[in-house]
Amino acid sequence: MKTKIVYSEKCLGYGTWHIEGPQRVKTAHDILKAKGYESLVPTPANDNDLLTVHDAEYIWKVKKGLVEDTDTPAYDNIYEYARLSVGGALLASKINGLSLMRPPGHHVGRNGAALGVYTRGFCYFNNIAIAVKELNKRTLILDIDGHHGNGTQEVFQNDEKVFYISLHQSPNYPGTGAFTEGNCINFALPTNYGGQQYLETLDKALSMVNLDRFDVVAVSCGFDTHLGDLASLGLTGKDYREIGKRVARLKKSVFFVLEGGYVGENVGLDIDALLRGYEETL
Ligand SMILES: [Zn+2]
């Protein structure tokens, strides 16, 4: 297995009562470790990294614990956890790895909640957006989390270097992403859409972008599309393996960043399936 996992146990230190809790990531890491995946430990991002995407005032508010909503608590030291998760995405982007860190990031925009949505959906800093900004290469972001990445869309809307593709469940939080807008290609799909139809839709979405325009593919990999999870599209392990094959066929430099997925065992097995499909097709 070539793809390395980026992981630090430090990310387990907050939010035990929350659905976005430590167990989801710990269990996934235990599974991947048992399967022989190698892990690298990230270092925290600094404010200059965060400023590539977020406004200084928003960063300061997270640091001081001044920003909180019904989904996204102002935990003690959340700034430290959040910037370590950004560091995970930055490291993954440098080694073509997969960041298995929390908190997730794709719902948070420049100043917090994005595109008129009222909460940040368990996110503090937009991990993948910061990694894409720092790489500063022509990038296709493929967001396979079951929720629309409204934060990522807000950050990159009209950006000439970046395209964003999202397949997500609708109706569901955050309620954005109903339409394709310019460089943001959105497919809003019904609950338990099914693996076969999902893969056909993914093929269609990928056919809508000119691959010559990109050097990098950044995958926002959430696994809450798994059958029975928070934004179920009825996917199972074999479907993630097929997604991995499709990512490999793009023949670009690829990295992966964890978003959602709330059943740790599924997250671990689905990551393995995704990476198997990816590696066997390279
Ligand atoms: Zn999600």
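**Exercise 1. Decide whether asparagine 96 is buried, partly exposed or exposed in this predicted model.**

Step 1. Start with the number: asparagine 96 has a relative accessibility of 32%.

Step 2. Recall the cut-offs: buried means under 20%, exposed means over 50%, and partly exposed lies in between.

Step 3. Asparagine 96 therefore counts as partly exposed.

Step 4. Now place the residue: asparagine 96 sits in the loop between α4 (78-95) and β3 (98-99). Its phi is near 55 degrees, a positive value in a residue other than glycine. Most residues other than glycine have a negative phi.

**Exercise 2. Do the same for lysine 251: find its place, its phi and its exposure.**

Step 1. Lysine 251 belongs to the loop between α8 (237-249) and β10 (253-258).

Step 2. Its phi is positive, about 55 degrees, although lysine 251 is not a glycine.

Step 3. The relative accessible area of lysine 251 is 67%, so this residue is exposed.

**Exercise 3. Find the cis peptide bonds at proline 171 and proline 174.**

Step 1. Look at omega. Between serine 170 and proline 171 omega is about 0 degrees, and the bond is cis.

Step 2. Move along to tyrosine 173 and proline 174: their peptide bond is also cis, with omega near 0 degrees.

Step 3. Locate them. Proline 171 lies in the loop between β7 (162-169) and β8 (184-189), and proline 174 lies in the loop between β7 and β8 too.

Step 4. Keep the general rule in mind: most peptide bonds are trans.

**Exercise 4. Describe the zinc site and judge its geometry.**

Step 1. List the protein donors: Asp145 (OD), Asp145 (OD), His147 (ND1) and Asp224 (OD), at 1.9 to 2.8 Å from the zinc ion.

Step 2. Check the angles. The 4 donor atoms subtend angles of 52 to 155 degrees around the zinc ion, so the arrangement is irregular. A tetrahedral site would need all angles between 85 and 135 degrees.

Step 3. Read the spacing of the donors along the chain: D-x1-H-x76-D.

Step 4. Histidine 147 lies in the loop between β6 (139-143) and α6 (150-156), while aspartate 224 lies in the loop between β9 (216-221) and α8, so the pair ties together parts that are 77 residues apart in sequence. Histidine 147 and aspartate 224 are both buried.

**Exercise 5. Explore the nonpolar cores and one buried charged-type residue, aspartate 272.**

Step 1. The largest nonpolar core holds 49 residues, and those with the most contacts inside it are Leu100, Ile165, Tyr198, Ile243 and Phe256. Helix α9 (residues 264-281) gives the largest share of this core, 6 residues.

Step 2. Zoom in on phenylalanine 256. Beyond its neighbours within four places in sequence, its contacts include Ala92, Leu98, Val219 and Leu274.

Step 3. Look for a second, separate core: it has 37 residues, including Ala45, Ile78, Tyr81 and Val132.

Step 4. Return to helix α9, where aspartate 272 is found. Aspartate 272 is buried because its relative accessible area is 6%. Apart from neighbours within four places in sequence, aspartate 272 is in contact with Leu32, Lys35 and Tyr37.

**Exercise 6. Check the overall build of the chain against the rule for a compact globule.**

Step 1. Take stock of the secondary structure: 9 helices and 10 strands.

Step 2. For 282 residues, a compact globule would have a radius of gyration near 19 Å; the chain has 17 Å, so the two agree.

Step 3. Add the buried share: 61% of the 282 residues.

Terms used:
Residues numbered from 1 in each chain as written. Predicted model: local features only at pLDDT ≥ 70, side-chain atom pairs only at ≥ 80, totals over all residues. Heavy atoms only, no water. Helix = DSSP H or I, 4+ residues; strand = E, 2+ residues; numbered from the N terminus. Buried < 20%, exposed > 50% of the residue type's maximum accessible area, 1.4 Å probe, protein only. Donors = N, O, S within 2.8 Å, 3.2 Å for Na, K, Ca; no water. Tetrahedral: all angles 85-135°; square planar, octahedral: opposite > 155°, others 65-115°. Core = buried A, V, L, I, M, F, W, Y, C linked by side-chain atoms within 4.5 Å. Contact = heavy atoms within 4.5 Å. Rg over C-alpha atoms; globule rule 2.2 N^0.38 Å.
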